[in-house]
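Q: Could you walk me through this one? I'd like to start with the surface and then work inward.

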Amino acid sequence: MEKSTCKMPLAHPMHPIDVAVGIGLDVGTAIPSLLQVAVIWRSRSAEGLSFWTLLLGNTAQFAQLANATILKWPQFQFCFSAGLMACQTSLLDYYQLLILWLAFLPITATFIKFHPQRTNRRVDKGKKSSIPSFMVCSSLFAAYLIVVISAFTTIFALSGSRPCTDALTTFADLLG
């Protein structure tokens with residue numbers, strides 16, 4: 001018998017107020033990111049934003065999401081077998097991480113679209129810019145997206161029908 005390190009309640013009833021607060025948190029999570037994207041689009045400039053902060057923020061959000069996906073995998077399997085609406089309230093915390101990552105991702109994409117080199121906004125000749133070139137930003141963001149796709153593919157490949165294998169929990173530990 002395999003030792004399971006992924007023990008958690010698969011579904012539990014929640015009070016309607018708890019559900020409303022969870023949904024409110026999920027929606028509220030996306031608002032700051034969407035406002036930031038709107039500001040960048042309106043000004044047509046990503047000036048003042050740090051590409052490195054955005055990339056590291058996206059990476060941290062993705063690591064949290066991937067880790068939660070691994071740890072909640074038995075719950076996902078239960079929810080799919082019991083019917084999608086059977087335990088959605090138990091997944092509100094996961095949805096918050098997913099929304100946060102999906103809302104943060106467009107900020108980096110918008111930064112690249114309105115990169116100072118593309119909008120003809122140059123730094124004074126005497127000052128050195130801390131913003132990497134457009135090509136460096138685009139290449140790193142493309143590499144990031146490839147890593148994201150590869151990591152989720154690895155998670156799904158390792159999980160299979162046995163959600164708590166040693167390889168999967170080791171992968172979850174590496175993600176944080």
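Q: How much area does the protein chain expose, and what share do carbon and sulfur atoms supply?
A: The protein chain exposes about 10,500 Å², and carbon and sulfur atoms supply 67% of that area, with accessible areas coming from the Shrake-Rupley method with a 1.4 Å probe and, for residues, only the protein chains shown counting as cover. This is a predicted model, in which local features need pLDDT of at least 70 and side-chain atom pairs count only at pLDDT 80 or more, while totals for chains, interfaces and linings use all residues. Residues are numbered from 1 along each chain as its sequence is written, and side-chain values use heavy atoms, with hydrogens and water left out.

Q: And what is the chain built from, in helices and strands?
A: The protein chain has six helices and zero strands, where helices (H or I, at least four residues) and strands (E, at least two) are DSSP runs numbered from the N terminus.

Q: What percentage of the residues count as buried?
A: Of the 176 residues in the protein chain, 37% count as buried, meaning under 20% relative accessible area, as against over 50% for exposed and in between for partly exposed (1.4 Å probe, protein chains only).

Q: Which residues have the most contacts inside the largest nonpolar core?
A: Those are F62, W101, F111 and Y144, in a core of 31 residues; a nonpolar core is a set of buried Ala, Val, Leu, Ile, Met, Phe, Trp, Tyr and Cys residues joined through side-chain atoms within 4.5 Å. Two or more residues come from each of α1, α2, α3 (73–82), α4 (92–113) and α5 (134–159), and α2 gives the most, with eight residues.

Q: What does W101 touch, leaving aside its neighbours within four places in sequence?
A: W101 is then in contact with N58, Q61, F62, L65, Y144 and V148, contact meaning heavy atoms within 4.5 Å.

Q: Switching topic, which residues make the contact between α2 and α3?
A: T69, I70 and L71 of α2 meet W73, P74 and F76 of α3, and by class the contact has five nonpolar, one polar and no charged residues.

Q: At what angle do the axes of α2 and α3 cross?
A: They cross at roughly 60 degrees and come within 4 Å.

Q: Last one: where is R44 found, and what is its phi?
A: R44 is found in the loop between α1 (16–43) and α2 (51–71), and its phi is near 55 degrees, a positive value in a residue other than glycine. Most residues other than glycine have a negative phi. At 45% relative accessibility, R44 counts as partly exposed.

How values were computed:
Axes fitted to C-alpha atoms, helices over the stretch in contact; angles between N-to-C directions. Nonpolar A, V, L, I, M, F, W, Y, C, P; charged D, E, K, R; others polar.
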